[in-house]
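User: Please take a close look at one buried spot in this model, and then show me step by step what else can be read from the rest of the chain. I am in my first year, so please explain each term when you use it.

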Amino acid sequence: MTDTPPENMKIEFRSDVTVELVKSAAADSDVLWAARVSTAGEQSLEELQKDPERSKGLINYLMRDRHGSPFEHNSMTFFISAPIFVFREFMRHRVGWSYNEESGRYRELQPVFYVPGTDRKLVQEGRPGKYVFVEGTEAQHDLAARAMEDSYRQAYDTYQEMLAAGIAREVARSVLPVGLFSSMYATCNARSLMHFLGLRTQHELAAVPSFPQREIEMVGEKMEEHWARLMPLTHAAFNKNGRVAP
């Protein structure tokens, strides 16, 4: 038998996401020594002591002409808390990424659920491949919030009932919706992150338009803020060259 869950467990509704930079080994100089080894051999190590600002032209050249491998010699690990439906899109990005997500087999999942904020565009207009999202009415926002919250409460009550009856977590979790929040660690390098951002964020400087779901774009925006502080020259070159991963 599993432990009986507390009857007063409070359900939480969120419209935001969490992205924390857990650890990193990422700097613009990493791009430079990786690139210069092709012509300078062991002397490329001197880049570790030099100001990368003096070589921002080389970073821009590598980005512009899509010499991508020098952007792989770095690492960033993020802690992310977001709805499960975001993670299912996120994990389509496989090259250059590593993931570990919390498991509903081994822990009781917490009652935290996604409800769109009032700034979330609710209405899709147009046909597949050629559509836009527009603001919803107050009535539509009220309906979405009420319907989702009622559904979440019913699903989580059923989940608790099954756990209390001794049903295994891995079976009971089947009744929970994809609006449930999960958490994971995601590790990537700058090149794989740029590919993610090129597809999962909209930006006025993007040479190739993208149409991400807003909730995964929220995650991407927060990851980009951290990365921009770590590698400002690389980030600037990414924007300057149309936000296309090299």
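Analyst: Two residues are said to touch, or to be in contact, when heavy atoms of theirs lie within 4.5 Å. The model is a predicted one, in which local features need a pLDDT of at least 70 and side-chain atom pairs count only at pLDDT 80 or more, while totals for chains, interfaces and linings use all residues. Residues are numbered from 1 along each chain as its sequence is written, and side-chain values use heavy atoms, with hydrogens and water left out.

The spot to begin with is Met 223, which lies in helix α7; helices (H or I, at least four residues) and strands (E, at least two) are DSSP runs, numbered from the N terminus. Leaving aside residues up to four places away in sequence, Met 223 touches Val 19, Phe 78, Ile 80, Phe 90, Trp 97, Leu 193 and Phe 196. Met 223 has a relative accessible area of 0% and therefore counts as buried, where buried means under 20%, exposed means over 50%, and partly exposed is in between (1.4 Å probe, protein chains only). By contrast with these contacts, the C-alpha atom of Val 123, 100 residues away along the chain, is separated from that of Met 223 by 27 Å.

Helix α7 (214-230) also takes part in the largest pocket, for α7 and β7 (130-134) each supply at least two residues of its lining. A pocket is found on a 1 Å grid over the protein atoms alone, as an open set of points where a 1.4 Å probe fits, with protein on both sides within 12 Å along at least five of seven lines, whereas a cavity is a set from which the probe cannot get out; lining residues have an atom within 4 Å of a point. Grid points are joined across faces, edges and corners, and a volume is the space filled by probe spheres set on the points; for the largest pocket this comes to about 380 Å³. The largest share of the lining, 3 residues, comes from β7, and among the lining residues are Tyr 131, Val 132, Phe 133, Arg 214 and Glu 217. Sorted by class, the lining has 5 nonpolar, 2 polar and 5 charged residues, where Ala, Val, Leu, Ile, Met, Phe, Trp, Tyr, Cys and Pro count as nonpolar, Asp, Glu, Lys and Arg as charged, and the others, Gly among them, as polar.

Another buried residue sits outside the helices. Ser 55 is placed in the loop between α1 (28-40) and α2 (56-64), and it is called buried because its relative accessible area is 3%. Its contacts, again not counting residues up to four places away in sequence, are Leu 32, Arg 36 and Glu 47. Of these, Arg 36 and Glu 47 are linked with Arg 54 in a network of salt bridges, a salt bridge being a side-chain nitrogen of Lys or Arg within 4 Å of a carboxyl oxygen of Asp or Glu. By this rule there are 17 salt bridges. One of them joins Lys 56 to Glu 53, with the closest N and O atoms 3.1 Å apart; Lys 56 is partly exposed at 45% relative accessible area, and Glu 53 is partly exposed at 38%. A further salt bridge pairs Arg 105 with Glu 170, whose closest N and O atoms are 2.8 Å apart. This pair links distant parts of the chain, since Arg 105 is in the loop between β4 (97-101) and β5 (112-114) and Glu 170 is in helix α5 (residues 169-172), 65 residues apart.

Helix α5 appears once more in connection with helix α4, because the buried residues of α4 pack against β1 (12-14), β5 and α5. Among those buried residues are His 141, Ala 144, Tyr 152 and Leu 163. Helix α4 (residues 138-164) has 27 residues and reaches 39 Å from its first C-alpha to its last, close to the 39 Å expected, where the expected span is 1.5 Å times one less than the number of residues. After α4 comes Gly 166, whose phi is positive, near 90°.

Most residues other than glycine have a negative phi. Arg 66, in the loop between α2 and β3 (75-83), nevertheless has a positive phi near 60°, and at 53% relative accessible area it is exposed. Arg 243, in the segment after α8 (232-240), also has a positive phi, of about 55°, but at 4% relative accessibility it counts as buried.
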